[in-house]
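Biologist: I'd like a close look at one residue in a loop, and then a tour of whatever else helps me picture the fold around it. Could you walk me through it in plain terms?

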Amino acid sequence: MGFQQFLGNESTVERLRESVQHQRIAQAIILAGARGAGKYTLALMFARLINCLNPIAPSSETGGLPDYCGVCRNCERIGEAAHLEARITEALSAREDLRETDKRETRILLQPHPDVLIVPPDPPQNLIKIGQVRQVIHNAYYRQPVEAKRSIFLFTSSAFMKEAANSLLKVLEEPPPNCTLILLTENPAEMLPTIRSRAMLFRLTAVPVETLEQLLATRRPELKGPRRALVARMARGAVGRALGFDIDEYLASRNDALIVLRSALRNPDYSTLFRATETYRGGADGQEKTLNLLRATNALLEDMLMLVAATPQLIGNQDIAQELTQLASGVNLDWLDHAARALAEVEKGMRRNLLRSLSLDAMAVSLENA
């Protein structure tokens, strides 16, 4: 897969490729965009272009800009990290096999290539921690690139522990030569201003719904009619999210999210609510299920906000527009703001291992009281 197959955001892709063509590669880059917008894919493509052993010269076929070959040793090894979730799962399994004392000190780091280090959030808090940043600092200052032209350090999230974020500033303030840091984020405002000011910001914007529907018709032919339209809208312009969107899982989470909202905004039916929330147990599966519920509820709240703002054409869940209109008729902006904050509190509680079913019940009751 070359840059010609990267869908959308042509100007951002061109700027990155031009920086390699003119040998003006920034030492710190922020790639910002919605979840599934292609930030990680583009970051790996950029890393391959920088370190390709046989780069493809600019031509009409490459859009007049350089491209990576995809088959050299560096391209292949960096490309092995494309399936991020699978690599993280492997790393977690390896950590579980360690002794308890070693397990506590071991942080998740992925190194598909000797000069490319990928830093994902470390479970269970899903934050980038000080131990991971210290490893980046050590590699950046004390290890010169061996098989690549530049060392690449790729942070897949902007969710840093405070100490880790402050420690990262050391590399950004005094960056070593032949080193590039790439930070991925959904919202640059979540990052420390001192980090943002020391990095070049590139944004990935939304791909039109019509383009996503055409892509889904080709890449996911099993999606028909209304389901394809729903996936295209719920992807919010993100290609990766559209291609990986689990429609059945989303509809199940949305059904529970509607139970929460109905309980808060109509005559509360606590028996139905409690039957739904008691299925949200502990463990990794329960965590993922709860996160899916929170995302689905957030999506419904966004649609209700669009209805309150008299822009119904912007809602994603068009198939239940009538019910959302009825729910939105009884709320205002203050209630929607309170609801969004309540969802955020549930997610924070998950990091403290609070009982999920009780957290969800408390959230639903707080929405009713509001």
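Biologist: Is Q23 buried or exposed, and at what relative accessibility?

Modeller: Happy to! Q23 counts as exposed, at 62% relative accessibility. The cut-offs for relative accessible area are under 20% for buried, over 50% for exposed and anything in between for partly exposed, using a 1.4 Å probe and protein chains only. Before going further, please note that this is a predicted model, in which local features need pLDDT of at least 70 and side-chain atom pairs count only at pLDDT 80 or more, while totals for chains, interfaces and linings use all residues. Residues are numbered from 1 along each chain as its sequence is written, and side-chain values use heavy atoms, with hydrogens and water left out.

Q23 sits in the loop between α1 and β1 (28-33). Helices (H or I, at least four residues) and strands (E, at least two) are DSSP runs, numbered from the N terminus. The backbone of Q23 deserves a look too: its phi is positive, about 55°, although Q23 is not a glycine. Most residues other than glycine have a negative phi, and most peptide bonds are trans. N126 is another non-glycine residue with a positive phi, near 55°. N126 lies in the loop between β3 and α6, and at 33% relative accessibility it counts as partly exposed. That loop also holds P124, and the peptide bond from P123 to P124 is cis, with omega near 0°.

On the other side of α1, N9 is found in the segment before that helix (10-21). N9 counts as buried, at 10% relative accessibility. Leaving aside neighbours within four places in sequence, N9 is in contact (heavy atoms within 4.5 Å) with R203, L204 and T205.

L204 brings us to the interior. It belongs to a nonpolar core, meaning a set of buried Ala, Val, Leu, Ile, Met, Phe, Trp, Tyr and Cys residues joined through side-chain atoms within 4.5 Å. The largest nonpolar core has 48 residues, and L301, M304 and W335 have the most contacts inside it. A second, separate core of 39 residues includes L49, A81, I182 and L204. In soluble globular proteins, nonpolar side chains tend to be buried together. Back in the largest core, L301 touches several residues beyond four places in sequence, including L261, W335 and L343.

L49 of the second core is one of the buried residues of α2. This helix is mostly covered, with twelve of its 13 residues buried. The length of α2 (residues 39-51) also agrees with expectation: at 1.5 Å a residue it should span 18 Å, and its end C-alpha atoms are 18 Å apart. The expected span is 1.5 Å times one less than the number of residues.

Now for charges. A salt bridge is a side-chain nitrogen of Lys or Arg within 4 Å of a carboxyl oxygen of Asp or Glu, and by this rule the count comes to 15. One of them joins R77 and E147, whose closest N and O atoms are 2.9 Å apart. R77 lies in helix α3 (residues 73-79) and E147 in the loop between α6 and β4, so the pair ties together parts that are 70 residues apart in sequence. Another joins R262 and E323, at 2.6 Å from N to O. Here R262 is in helix α12 and E323 in helix α15, so parts 61 residues apart in sequence are tied together. R262 counts as partly exposed at 27% relative accessibility, whereas E323 counts as buried at 18%.

Helix α12 (residues 247-265) also holds D256. D256 is buried yet has no salt bridge; the nearest side chain of opposite charge, K289, is 5.1 Å away. For that comparison, Lys and Arg count as positive and Asp and Glu as negative, while His and the chain ends are not counted. Beyond its neighbours within four places in sequence, D256 is in contact with A276, Y280 and L293. A276 is in turn among the buried residues of helix α13 (residues 270-277), along with L273 and T277.
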